[in-house]
Amino acid sequence: SKSAPQGPNGGESAKDTANRGMDTQVMQRAARTRELVKHWNAVVTAQVNPMLLNQLARLWTNELPEYANNNRRSRFAQYCDNPDELMTATESALIACTEKPDLPPVEQIIDMDLKRRQFAIGKACLTGMSLRYRGALTTSSQPALSNLRDLPDSTLASLACWQIIAGLHALPEWFVWLLANKPDLVSDVFSQYLIAKLKHRDEQIQGIERLVSDRRFAAIATTVIPIALKAFPVRHKSGQLTALRQLIRGAIAYCPAELLSITQKKLTLKSVLPIQRVSWLVAATLLDPAKYEQSLWAFVGENWERADEIAAMLEHDPSLLTEPSPLASLQTPVTNVSSQTVSSQTIGRVIELLLPRADVRFEGEPGMVTSAMQRGLQLRALMTHLGSLGTSASVQELDRLAQLQSTSAIHADVLMARQRAMTLLRDKSSTKDRTGEAGQAGQKDHTG
């Protein structure tokens with residue numbers, strides 16, 4: 001008789017190895033099925049180990065690599081021998097998780113996050129809340145609010161906290177509902193989370209970008225942003241500066257008067273680290289350039305690292321430099337604040353100081369963005385913006401930059417920006433002249 005095929009080293013063949021692996025999976029699936037059936041009622045009502053509920057939630061959302069499959073039923077079929085029944089039971093269990101009376105409170109959830117740990121039940125609750133909201137939709141697609149309002153505020157707070165920690169990049173519908181219907185609750189949770197993360201000088205902070213940029217958060221942003229700014233540590237970690245920049249930009253949009261008050265207090269503290277002081281000085285300058293622009297440059301001087309922070313503060317929106325202070329448009333104006341904008345000289349000085357340390361030709365390795373390349377992108381954005389001002393001051397500043405030997409690497413860009421500024425300035429002058437002539441002609445007609 002023929003012998004069984006051998007592997008290269010005389011062992012079992014690859015086919016035998018694969019078959020043995022499949023047999024093992026079949027036995028594991030059968031054993032898992034028997035265990036689930038034994039505790040079926042407990043599974044349905046979520047009265048089982050939180051680790052199992054966490055696993056079922058991740059199976060539901062396709063977050064278990066060993067069962068990865070875009071088809072939910074296929075995933076459950078790999079997991080157990082009665083996939084349809086388990087899918088139904090899992091949906092009931094996950095929804096039941098949101099009704100548990102003993103969910104961890106917000107304080108404990110935040111404390112676990114600070115320790116880089118998490119409650120297993122959290123994932124199950126978040127998935128269950130999405131299912132609960134979907135089930136609350138009627139045929140007219142209007143939420144049956146009682147389905148959600150029946151949950152106590154303590155439960156909703158825990159769910160909101162878990163969602164903030166999990167991230168707000170893909171905002172679930174139930175969280176949007178919570179923002180609209182329970183803004184004070186979300187505001188309180190978000191504030192507790194940010195205060196704790198900042199107090200512990202934690203660099204991994206979730207949700208700030210969404211808070212300051214998504215108008216659906218407007219109802220809570222006016223409360224949460226000032227609280228977070230006040231709590232920002234004077235001796236920060238470098239990774240926290242991104243959060244500070246985002247919060248300041250949000251405060252300029254939502255609560256500029258409070259930002260000015262907070263900034264003035266921060267600038268009196270001698271213990272504030274130098275780079276952070278630049279951030280506060282930029283904030284103050286954007287709000288009241290007549291008072292603070294000179295102070296900003298007195299502190300920055302010729303220090304390129306401090307100038308780098310100015311560029312970073314304006315990275316996403318250099319137009320902040322040329323817009324009137326938002327304080328001027330408040331219903332209750334802040335006294336002694338002028339409506340002038342930051343000068344063109346400030347933009348030019350930032351470009352001049354950072355240029356020697358910027359890669360404006362992007363000669364690094366493909367796919368790799370270095371800090372020098374990032375500065376190059378920032379400088380180009382500032383240069384473009386300077387050219388778009390179309391003022392005599394911007395033309396003069398571009399003239400100054402063009403004459404500097406240090407700007408030779410971007411000389412063509414400077415000249416192009418200068419040409420654009422001059423063209424816009426001419427157009428403005430022509431429009432003003434035509435408007436004046438039309439006004440004079442109208443006055444003559446009226447007199448005649």
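Which residue just after H6 takes a positive phi? That residue is Arg-116, with a phi of about 60 degrees. We will return to it shortly, after a quick look at the whole predicted model.

## The overall picture

The protein is built with 22 helices and 0 strands. Of its 448 residues, 44% are buried. Long-range contacts feature strongly in the count: of the contacts between residues at least 6 apart in sequence, 68% join residues at least 24 apart. The exposed surface comes to about 23400 Å², and carbon and sulfur atoms supply 51% of that area.

## Around H6 and H11

Let us start with helix H6, which spans residues 106-114. Its buried residues are Val-106, Ile-109, Ile-110, Met-112, Asp-113 and Leu-114. What do these buried residues pack against? Their partners are helix H9 (153-166) and helix H11 (183-199).

Now back to Arg-116, which sits in the loop between H6 and helix H7 (120-136). Most residues other than glycine have a negative phi. Arg-116, a residue other than glycine, has a positive phi near 60 degrees. As for its surroundings, Arg-116 counts as partly exposed, at 48% relative accessibility.

A second arginine invites a look alongside it. Arg-201 also has a positive phi, near 50 degrees, and lies in the loop between H11 and helix H12 (208-213). Is Arg-201 buried or partly exposed? Its relative accessible area is 35%, so Arg-201 is partly exposed.

On the other side of H11 in sequence, Lys-182 occupies the loop between helix H10 (173-181) and H11. Lys-182 is partly exposed, with a relative accessible area of 23%. Which residues does Lys-182 touch, not counting those up to four places away in sequence? They are Asp-153, Leu-156 and Trp-177. With Asp-153, the separation along the chain is 29 residues, while the C-alpha atoms are 9.0 Å apart.

Elsewhere, helix H3 (residues 50-60) holds Asn-54. This asparagine is buried, with a relative accessible area of 12%. Setting aside neighbours within four places in sequence, Asn-54 is in contact with Ala-120 and Lys-123.

## Two helix pairs

Two packed helices are described by the angle between their axes and the distance between the axes. Here are those values for two pairs in this model.

| Helix pair | Axis angle | Axis distance |
|---|---|---|
| H16 (residues 274-287) and H17 (residues 289-300) | about 155 degrees | 7 Å |
| H19 (residues 344-354) and H21 (residues 392-402) | roughly 20 degrees | within 9 Å |

Consider H19 and H21, whose axes cross at roughly 20 degrees. That angle makes H19 roughly parallel to H21, and H19 passes H21 in a right-handed crossing. From H19, the contact draws on Ser-344, Gln-345, Gly-348, Arg-349, Ile-351 and Glu-352. From H21, it draws on Ala-393, Ser-394, Glu-397, Arg-400 and Leu-401. By class, the contact of H19 with H21 has 3 nonpolar, 4 polar and 4 charged residues.

H16 and H17 pack at an angle of about 155 degrees. Why are H16 and H17 called roughly antiparallel? Angles over 145 degrees count as roughly antiparallel, and H16 and H17 are therefore described that way. H16 passes H17 in a left-handed crossing. On the H16 side, the meeting residues are Pro-274, Arg-277, Val-278, Leu-281, Val-282, Ala-284, Thr-285, Leu-286 and Leu-287. On the H17 side, they are Pro-289, Tyr-292, Glu-293, Ser-295, Leu-296, Phe-299 and Val-300. By class, the contact of H16 with H17 has 12 nonpolar, 2 polar and 2 charged residues.

## A closer look at Arg-349

One residue from the H19 contact with H21 deserves its own paragraph. Arg-349 lies in helix H19 and is partly exposed, with a relative accessible area of 27%. Which residues is Arg-349 in contact with, leaving aside neighbours within four places in sequence? The list is Trp-297, Gly-301, Glu-302, Glu-397 and Arg-400. Glu-397 is 48 residues away from Arg-349 along the chain, and their C-alpha atoms are separated by 9.1 Å. Both Glu-397 and Arg-400 belong to the H21 side of the helix contact described above, while Trp-297 lies within the residue range of H17.

Methods: Residues are numbered from 1 along each chain as its sequence is written. This is a predicted model: local features need pLDDT of at least 70, side-chain atom pairs count only at pLDDT 80 or more; totals for chains, interfaces and linings use all residues. Side-chain values use heavy atoms; hydrogens and water are left out. Helices (H or I, at least four residues) and strands (E, at least two) are DSSP runs, numbered from the N terminus. Buried means under 20% relative accessible area, exposed over 50%, partly exposed in between (1.4 Å probe, protein chains only). Contact means heavy atoms within 4.5 Å. Accessible areas come from the Shrake-Rupley method with a 1.4 Å probe; for residues, only the protein chains shown count as cover. Axes are lines fitted to C-alpha atoms, for helices over the stretch in contact, and angles run from 0 to 180 degrees between N-to-C directions. Angles under 35 degrees count as roughly parallel, over 145 as roughly antiparallel, 65 to 115 as roughly perpendicular and the rest as oblique. A crossing is left-handed if the near helix is turned anticlockwise from the far one by less than a right angle, and right-handed if clockwise. Ala, Val, Leu, Ile, Met, Phe, Trp, Tyr, Cys and Pro count as nonpolar, Asp, Glu, Lys and Arg as charged, and the others, Gly among them, as polar.
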